[in-house]
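Subject: Handing over a structure, with notes on what was found

Dear colleague,

I am passing on the structure we spoke about, and I would be glad if you could look through it with the notes that follow. The sequence and the structure come first, and the findings come after them.

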Amino acid sequence: MYDFVYTSQSSKVIFGAGTLARVEEEVHALGAQKSLILCTPEQEGQALEVSHLLGPLSAGVFAEAKMHVPIETARRARDHARSVGADCAVAIGGGSTIGLGKAIALESGLPIIAIPTTYAGSEMTPIYGLTEAGLKRTGRDLRVLPKTVIYDPMLSLSLPLALSFVSGLNAIAHAAEGLYARDGNPVMSLMAEDGIRALAAGMRGIRDAPESLSARSDCLYGAWMCGSVLGHVGMALHHKLCHTLGGSFNLPHAETHAVVLPHALAYNSAAAPEAMLRIARALGRESAALGVFDLGRDLGIPSGLRDIGMQESDLDRACEIALSNPYWNPRPIESEPLRSLLQDAWIGREPRE
Ligand code: NAD
């Protein structure tokens with residue numbers, strides 16, 4: 001029997017190869033006159049192309065975006081946006097660059113046009129993160145939700161395969177947990193299942209043919225679907241664990257997601273059978289946890305936490321931290337099974353349901 005609350009969040013989504021060319025039209029549509037273009041130092045070439053397309057509507061390029069949005073970078077970007085009289089921010093890049101746009105919007109309310117070039121999905125969420133004195137603070141605020149998103153798969157052709165796969169699995173993690181979210185709803189479940197299907201097919205496609213525009217397009221479409229899920233519903237055990245491991249043990253964000261997800265799904269398997277059925281169906285497999293594990297293996301992603309810098313001697317402390325701050329999960333979080341989940345994830349063995 002249906003029982004849910006669904007609040008839609010509005011943003012304009014433009015999808016297709018070559019749609020970057022529409023950026024000027026979209027700045028006009030927002031009524032903006034001066035757009036500051038944001039990127040990482042590595043993507044300055046793509047940002048300059050946007051600046052060229054914008055002509056007199058460009059307020060120049062700010063190429064200092066960094067992982068986890070350090071507060072100092074956010075302050076510099078806000079000051080710069082003010083000093084050039086920007087009335088719009090165009091963020092071209094992955095979650096780090098879009099995160100910088102969000103940091104500006106949070107304070108100034110400047111509209112953001114996001115042009116994602118990875119599959120992480122930040123462009124579809126009102127979630128922001130800022131790092132100060134080594135601590136990452138996150139929050140939700142509708143002001144940071146990009147007004148317009150341009151998905152042009154041509155731009156992700158240059159994304160290295162390893163980064164493509166970890167950001168894709170990061171996106172699959174959002175959709176998988178969205179399927180058993182406490183505040184889930186049928187619309188998000190449809191998007192989650194289709195997003196997992198598209199990303200799994202697209203990632204296998206680019207593994208075989210990295211230049212395939214149609215496989216890149218599948219991945220980007222999946223990123224849109226999975227990012228939307230993250231933007232609309234709450235997350236559970238898997239995200240909590242990744243936050244703990246990333247924050248306290250300095251493990252790489254996307255790789256940690258890729259390693260932990262099969263084990264978190266195995267942990268929740270019996271408590272969320274409908275979600276598991278949908279994940280497994282999206283992957284064309286019998287088991288959700290094994291399906292995700294095998295997808296990671298097929299893509300050559302590290303399978304164990306030990307392969308990405310975690311010490312076995314830190315597993316007890318990781319378990320304690322994850323238990324110390326209670327949160328909702330379809331299956332209660334208990335010490336012994338959680339510790340054995342971590343052990344399995346550390347070794348990189350097949351998940352045990
Ligand atoms: P990223 O933005 O950190 O990018 C990683 C590197 O890849 C950068 O050097 C970037 O310049 C480069 N790159 C990106 N696209 C490229 C392309 N097409 N060609 C060549 N190089 C390219 O990576 P990410 O995985 O997209 O984002 C991770 C960050 O996003 C994390 O900090 C995570 O917390 C955050 N995130 C936030 C949300 C949210 O809703 N707020 C959602 C997902 C991720």
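One definition is needed before anything else: a salt bridge here is a side-chain nitrogen of Lys or Arg within 4 Å of a carboxyl oxygen of Asp or Glu. Please also keep in mind throughout that this is a predicted model.

With that cut-off, Arg78 and Glu107 form a salt bridge, since their closest N and O atoms are 3.7 Å apart. The pair links distant parts of the chain, with Arg78 in helix H3 and Glu107 in helix H4 (residues 95-108), 29 residues apart. The two partners differ in their surroundings: Arg78 is buried, with a relative accessible area of 12%, whereas Glu107 is partly exposed at 46% relative accessibility. Arg78 and Glu107 also belong to a network of salt bridges that links them with Asp79 and Arg82. Asp79 is found in helix H3, which covers residues 71-83, and at 44% relative accessibility Asp79 counts as partly exposed. From C-alpha to C-alpha, Asp79 lies 9.2 Å from Ile104, although 25 residues separate them in sequence.

A search of the whole structure finds 18 salt bridges, and two others seem worth describing. The side chains of Arg204 and Asp298 meet in a salt bridge at 2.7 Å, N to O. Arg204 lies in helix H6 and Asp298 in helix H11, so this pair ties together parts that are 94 residues apart in sequence. Arg204 is partly exposed, with a relative accessible area of 24%, and Asp298 is partly exposed as well, with 36%. Arg297 forms a salt bridge with Glu350, where the closest N and O atoms are 3.9 Å apart. Because Arg297 lies in helix H11 and Glu350 in the segment after helix H13 (335-347), the pair ties together parts that are 53 residues apart in sequence. Arg297 counts as partly exposed at 49% relative accessibility, and Glu350 is partly exposed with a relative accessible area of 40%.

Turning to the overall arrangement, the protein chain is divided into domain 1 (12-156) and domain 2 (161-347), and their centres, taken over C-alpha atoms, are separated by 26 Å. The contact takes 21 residues from domain 1 and 21 residues from domain 2. Between them the two domains bury about 1700 Å², of which 70% is on carbon and sulfur atoms. On the side of domain 1, Phe15, Tyr119 and Met124 supply 38% of the area buried against domain 2, more than any other three residues. The count of salt bridges between the domains is zero, while five residue pairs are in polar contact there. By class, the side of domain 1 that touches domain 2 has 13 nonpolar, five polar and three charged residues.

Some single residues in domain 1 may help you find your way. Thr19 sits in the loop between strand S1 (12-15) and helix H1 (23-29), and at 4% relative accessibility it counts as buried. Apart from residues up to four places away in sequence, Thr19 touches Ile14, Ile150, Tyr151 and Asp152. Thr131 lies in strand S6 and is buried, with a relative accessible area of 17%. The side chain of Thr131 reaches the backbone oxygen of His68 at 2.5 Å.

In domain 2, helix H10 (residues 273-283) has buried residues at Ala275, Met276, Arg278, Ile279, Ala280, Ala282 and Leu283. These buried residues pack against helix H5 (161-179), helix H6 (186-208), H9 and helix H11 (288-298). H10 is followed by Gly284, whose phi is positive, near 70°. Asn268 is found in helix H9 (residues 253-268) and is buried, with a relative accessible area of 0%. Leaving aside neighbours within four places in sequence, Asn268 is in contact with residues including Glu177, Tyr180, Met276 and Arg331.

With best wishes

Methods:
Residues are numbered from 1 along each chain as its sequence is written. This is a predicted model: local features need pLDDT of at least 70, side-chain atom pairs count only at pLDDT 80 or more; totals for chains, interfaces and linings use all residues. Side-chain values use heavy atoms; hydrogens and water are left out. Domain bounds come from an automatic or database domain assignment. Contact means heavy atoms within 4.5 Å. Buried area is the accessible area (1.4 Å probe) that two parts lose on being put together, summed over both. A polar contact is a pair of N or O atoms within 3.5 Å; within protein, one must be able to donate a hydrogen and the other to accept it, and residues adjacent in sequence count only if both atoms are side-chain atoms. Ala, Val, Leu, Ile, Met, Phe, Trp, Tyr, Cys and Pro count as nonpolar, Asp, Glu, Lys and Arg as charged, and the others, Gly among them, as polar. Helices (H or I, at least four residues) and strands (E, at least two) are DSSP runs, numbered from the N terminus. Buried means under 20% relative accessible area, exposed over 50%, partly exposed in between (1.4 Å probe, protein chains only).
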